[in-house]
Amino acid sequence: MYVSCKELRKRAWNRLSQGCYATSLGVSFLGGLINGAAGIFTYGSIQYGASKFYIEQQRGKKSELETLFSGFNLYGRTLVTGLLQSLFAFLWSLLFVIPGIIKSFAYSVTSYVMVDFDLSGEEAITKSRELMNGYKWKLFCLKLSFIGWIILSGFTFGIGSIFLAPYMDATFAEFYAELLNCHGIVISDGAQDAEITSEQAF
């Protein structure tokens, strides 16, 4: 990926500063709160909704707080996807911690893939793994670039992390958009068109 971590963070911050920060804060905070309370029963659905919110925002569309709950319209599929992601990462972690971390990076864009393409949970995980092939280190570096902010948040007893979360989530959406660009995938407004484009790209 030729775009630097600094550039991705800059793009994300510019979008948030255009009046999207308050809603983004609500999405990240509420999503974390719900998953903290309900765990695996909401993880896949909330991840789908949050991903949809942030990628729509990244593409210049107006996305509302209600988008966070859009994954519950596909509850069966998003529930299974979340369970599979957690199960696969756990099984790989049994081989040692590092393989588990690597696989979690490989599966990291699964929810975005589900938003853009009409795929089952297992197919979305496979597509995420394909997209992330060769880019896991890039994502690691991007996450590592937030370490200073994360440390500072620690001095606020975790309160600062609430306000940091939208920035990180928006930056990850920029990463996903750049990932598609690197693979030559163009997402159109129609889901069917997006699926065809993806198949041609791979």
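Buried means under 20% relative accessible area, exposed over 50%, and partly exposed in between (1.4 Å probe, protein chains only). The structure is a predicted model, in which local features need pLDDT of at least 70 and side-chain atom pairs count only at pLDDT 80 or more, while totals for chains, interfaces and linings use all residues. Residues are numbered from 1 along each chain as its sequence is written, and side-chain values use heavy atoms, with hydrogens and water left out.

**Exercise 1. Helix α4**

Task: Determine which residues of helix α4 are buried and what covers them.

Solution.
Step 1. Helices are DSSP runs (H or I, at least four residues), numbered from the N terminus. Helix α4 spans residues 97-106.
Step 2. Within α4, the buried residues are G100, K103, F105 and A106.
Step 3. The cover over these buried residues of α4 includes α3, α6 and α7.
Step 4. A general rule helps in reading such a list: an α-helix has 3.6 residues a turn, so residues three or four places apart point the same way.

**Exercise 2. The surroundings of S45**

Task: State whether S45 is buried or exposed, and name the residues that it touches.

Solution.
Step 1. S45 is located in helix α2.
Step 2. Its relative accessible area is 1%, so S45 is buried.
Step 3. A contact requires heavy atoms within 4.5 Å. Leaving aside residues up to four places away in sequence, S45 touches L68, G71, F72, Y75, T78 and L79.
Step 4. For contrast, consider N73, in the loop between α2 and α3. N73 has 66% relative accessibility and therefore counts as exposed.

**Exercise 3. Salt bridges**

Task: Explain which parts of the chain are tied together by the salt bridge of R15 and E174, and by that of D116 and R59.

Solution.
Step 1. A salt bridge is a side-chain nitrogen of Lys or Arg within 4 Å of a carboxyl oxygen of Asp or Glu. The structure holds 7 salt bridges.
Step 2. In one of them, the side chains of R15 and E174 meet at 2.7 Å, N to O. Because R15 belongs to helix α1 (residues 5-38) and E174 to helix α9 (residues 159-182), the pair ties together parts that are 159 residues apart in sequence.
Step 3. R15 is partly exposed at 26% relative accessibility, whereas E174 is buried at 2%.
Step 4. D116 and R59 form another salt bridge, at 2.8 Å, N to O. D116 lies in helix α5 (residues 110-116) and R59 in the loop between α2 (40-58) and α3 (75-93), so this pair ties together parts that are 57 residues apart in sequence.
Step 5. D116 is buried, with a relative accessible area of 5%, while R59 is partly exposed, with 31%.
Step 6. In addition, E7, R11 and E178 are linked in a network of salt bridges.

**Exercise 4. Aromatic pairs**

Task: Describe the geometry of the aromatic pair of Y112 and F172.

Solution.
Step 1. Rings of Phe, Tyr and Trp (its six-membered ring) pair if their centres lie within 6.5 Å; planes under 30 degrees apart count as stacked, over 60 as edge-to-face and the rest as tilted. A search of the whole structure finds 11 aromatic pairs.
Step 2. The centres of Y112 and F172 are 5.6 Å apart and the planes form an angle of 65°, an edge-to-face arrangement.
Step 3. Since Y112 is in helix α5 and F172 in helix α9, the pair ties together parts that are 60 residues apart in sequence.
Step 4. Y112 counts as buried at 4% relative accessibility, and F172 counts as buried at 16%.
Step 5. Elsewhere, W13, Y21, F146 and Y167 form one aromatic cluster.

**Exercise 5. Cysteines**

Task: Explain why C182 forms no bond with the closest cysteine sulfur.

Solution.
Step 1. A disulfide is a covalent bond between the sulfur atoms of two cysteines. The criterion is a pair of cysteine sulfur atoms within 2.5 Å.
Step 2. The closest cysteine sulfur to that of C182 is in C5, at 12 Å, which is too far for a bond.
Step 3. C182 is partly exposed, with a relative accessible area of 27%.
Step 4. In total, the structure holds 0 disulfides.

Note on methods:
Helices (H or I, at least four residues) and strands (E, at least two) are DSSP runs, numbered from the N terminus.
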